[in-house]
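Here's a quick tour of a two-chain model, one topic at a time. Have the viewer open and follow along.

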Amino acid sequence: MDANTWWVLIGTALLGLSSGVLGCFAFLRKQGLMGDVLAHAALPGICLAFMITGAKNSFLFLIGAAITGILGSLCINWITRYSRIKEDTALGLILSVFFGLGIVLLTQIQHSNNGNQSGLDKFLFGQSASMVASDVQWMAIMAGLLLLMSFLLFKELKLLCFDASYGQSLGFSMRGLNLLFMTFLVIVVVIGLQVAGVVLMAALIVTPAAAARYWTEQLSTMVWISAVMGACSGVIGTWISSFGYNLSTGPLIVLAATMMFIISMMVAPQRGLLSRLVRLMKTRRELAREQHINSIYTYMEKEQVLKVSLLDLQTQYPISTHVLSQLKEEGLIHMEEDHQDIWIGFTETGWKAAYDTVLTNRMLEMWLMHEADLASKLPNGEIVSKDSIPEHLVPELQKLMIQHQCEPKWNPYDSNQRMKERVVSP
Amino acid sequence: MFAPVSIRNLSVAYHRKPVLRDIDYDAPEGELIGIIGPNGAGKSTLIKAILGLLPLASGEVKIYGKPYKEQRHLVGYVPQRESVDWDFPTHALDVVLMGRYGKLGWFRRPKAEDREFALECLQKVGMESFAKRQISQLSGGQQQRVFLARALAQDAQIYLMDEPFVGVDAATEKAIIQILNELKQQKKTVLVVHHDLQTVTEYFDSILLINMCKIAAGPTREVFHADHLQKTYGGRLTVLPETSNMIVTR
Ligand SMILES: Nc1ncnc2c1ncn2[C@@H]1O[C@H](COP(=O)(O)OP(=O)(O)OP(=O)(O)O)[C@@H](O)[C@H]1O
Ligand SMILES: [Mg+2]
């Protein structure tokens, strides 16, 4: 790689880093489109800067872009505050009006004397190969400033994203913070214009953040992951384009970010599609298992038997032989085959498990039926769920079960001491 | 002696549509106060106006005799639970910690003692075991408690709560009302937007009935009667026949 490629590499990495960080906040505020609007709003600024100064100076272009970008975000603010138009409509409006204006100006310039060579179109799609050391230096300064500000204002930005009116009530000026944040976004967009261009810049803001959201439930971690992913996409995109197949860097960076997003969406623990699928199947299995134990127990309890025929059982409950064989493998039930039928009985451990499952289920039923009366028994408002029934609630629930005649009565092994006396003497 | 919250001639409008008109009210100190009115009566708007979250069309709000801006450290706020997106990457303790932000001010980060205080507040609402639980994995009632704990973390004198009982089960409602009573015993003033007419006499020392304008205000025993409710709710009250026997009749 030549020296210039190194500069490009550093530049794109810095861009990815800062857009990854700010993108998190934009993404969580559901302002993913905001980057798009600001990028498009930058175009007329670039054109105007050229028309006024007549110079092909990147720095001047970017000043112009920043001015119209900020103007665009102010317009969105005004529209949403002083009219009934909602934010999404305002975003669409500003995007098309500003971009339209930009295209008109661009055509105007191309028809005039120093036409095509003005190099304005590189801002439309980005042209990072043209970056030089001085470009990267001021990119680094801006990115560093943005990162520092996001670090210092982390807690305020968190408030802005999660509960802005609460933040306002605490005395943080959320309108001011919002404007500041918009300015940050404009700066990122302006940095990115030279790399990714007006059209793709928005993707660089949202994609790393959306990908990072899959991996964590903590905002600070999300910001880190998003920053790293952004920087990596910058580096990967630049690296691939340096192979010399005439592939431009901007789109490659966006593609790299998109790949990371797709991978995150598939394989992330917890939120990823695969792990959701696995969890869903696991809960289904557990639920089916519990239902089967419950059905067998309830049937035996009703008929006062220790063995039940599969055919009889199936007339009353949906029973799958697959789940039964799973229970058998676990050593909870045994099955004996007759000529046409199968007889099912609980093993000793099976009885214990079945009794406990049924007891918990029925206590929960009682709780749901009498929640309003029992609430006073839980002054600290403990949580009642399948996994935790508060100890001092148990006697009440047992009384209720006896009242409703649904206490589990059938247990040849009498394993559960807690319930034993009450079953004998209601 | 200044009232904890005193409202003079307050009017609020959204895009020129008046929502609150000429409200005059002084909240009595150290009481549990219910703000009661039908949907769309302007209860949330009133709370937001007190907190300076909305531009006032006219009138003023004073907190212990001074504007809200100078007294905001005295006021804790529990917004309506649906006002935020609970699928936010953060855990319960972190949300409660936000209650400390006001005292910290710009740029400063919460310290270990803020964390401890936040944890105590979570403990008060019976949620300490959920401190590190991601907030989207909390039930509605648990989320409501987290919001309550966040307001407690503000360590305020006056609490404004917007429908803290909506969508919570009976156990949680009992737990919350007990916390509110504790606040009252510490001479704090608690204003609660409330919907369930059946529990009004049980919960509140005094009430404020509004429907765009103030209908009535004062001690619950004196104010909570059929005439006033008729005025507040209009014909809609007949839908709630079982409440009529709960109401003190004159
Ligand atoms: N942002 C807004 N823009 C325009 N109108 C609004 C806005 N917020 C509330 N309103 C209107 O103001 C009126 C009062 O609303 P508010 O939310 O204060 O009622 P509320 O008493 O809290 O009702 P609820 O019991 O349903 O919470 C309603 O008619 C509502 O339509
Ligand atoms: Mg409301």
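## A buried acid without a partner

Let's start with an oddity in this predicted model: A:Asp36 is buried and yet has no salt bridge. The nearest side chain of opposite charge belongs to A:Arg29, and that one is 17 Å away.

So where does A:Asp36 sit, and what does it touch? Its home is helix H2 of chain A, which covers residues 32–53. Leaving aside residues up to four places away in sequence, A:Asp36 touches A:Leu95, A:Val199 and A:Ala202.

## Where the chains meet

How many residues of each chain are in contact with the other? On the chain A side there are 41, and they are in contact with 43 residues of chain B. The area buried between the two chains comes to about 3,700 Å², with carbon and sulfur atoms giving 60% of that. Three residues stand out here: A:Lys155, A:Phe162 and A:Tyr166 supply 21% of the area that chain A buries against chain B, more than any other three residues.

On the polar side, 14 residue pairs are in polar contact between chain A and chain B, counting pairs with both residues at pLDDT 80 or more. Five salt bridges are found across the interface. A salt bridge also joins the side chains of A:Lys30 and B:Asp85, at 2.7 Å from N to O. As for which elements of chain A touch chain B, helices H6 (133–152), H7 (154–162), H8 (164–170), H9 (174–213), H10 (219–241) and H15 (348–374) each supply at least two residues. H7(A) gives the most, with seven residues.

## A loop residue tucked away in chain B

Now look at B:Ile135, in the loop between helix H4 (112–124) and helix H5 (140–153) of chain B. Is B:Ile135 buried or exposed? Its relative accessibility is 0%, so B:Ile135 counts as buried.

The neighbours of B:Ile135 come from both chains. From chain A there is A:Phe162, which is also one of the three residues named above for their share of the buried area. From chain B, again not counting residues up to four places away in sequence, B:Ile135 touches B:Trp86, B:Phe88, B:Thr90, B:His91, B:Ala92, B:Val95 and B:Gln143. Take B:His91 as an example: B:Ile135 and B:His91 are 44 residues apart in sequence, but their C-alphas are 5.2 Å apart in space.

## Helix H6 of chain B and its two flanking loops

Helix H6 of chain B runs over residues 170–185, 16 residues in total. From first C-alpha to last, H6(B) reaches 23 Å, close to the 22 Å expected at 1.5 Å a residue. Its buried residues are B:Ala171, B:Thr172, B:Glu173, B:Ala175, B:Ile176, B:Ile177, B:Ile179, B:Leu180 and B:Leu183.

Check the backbone in the loops on either side, too. Most residues other than glycine have a negative phi. In the loop between strand S7 (158–162) and H6 of chain B sits B:Glu163, which is not a glycine but has a positive phi of about 50°. Just after H6(B), B:Lys187 takes a positive phi of about 70°, and B:Lys187 is not a glycine either. That residue lies in the loop between H6 and strand S8 (189–194) of chain B.

How do these loop residues fare for burial? B:Glu163 counts as buried because its relative accessibility is 11%. B:Lys187, on the other hand, has a relative accessibility of 57% and so counts as exposed.

Technical notes. Residues are numbered from 1 along each chain as its sequence is written. Chains are lettered from A and ligands numbered from 1 in the order in which they are written. Side-chain values use heavy atoms; hydrogens and water are left out. Helices (H or I, at least four residues) and strands (E, at least two) are DSSP runs, numbered from the N terminus. The expected span of a helix is 1.5 Å times one less than its number of residues. Buried means under 20% relative accessible area, exposed over 50%, partly exposed in between (1.4 Å probe, protein chains only). Lys and Arg count as positive and Asp and Glu as negative; His and the chain ends are not counted. A salt bridge is a side-chain nitrogen of Lys or Arg within 4 Å of a carboxyl oxygen of Asp or Glu. Contact means heavy atoms within 4.5 Å. Buried area is the accessible area (1.4 Å probe) that two parts lose on being put together, summed over both. A polar contact is a pair of N or O atoms within 3.5 Å; within protein, one must be able to donate a hydrogen and the other to accept it, and residues adjacent in sequence count only if both atoms are side-chain atoms.
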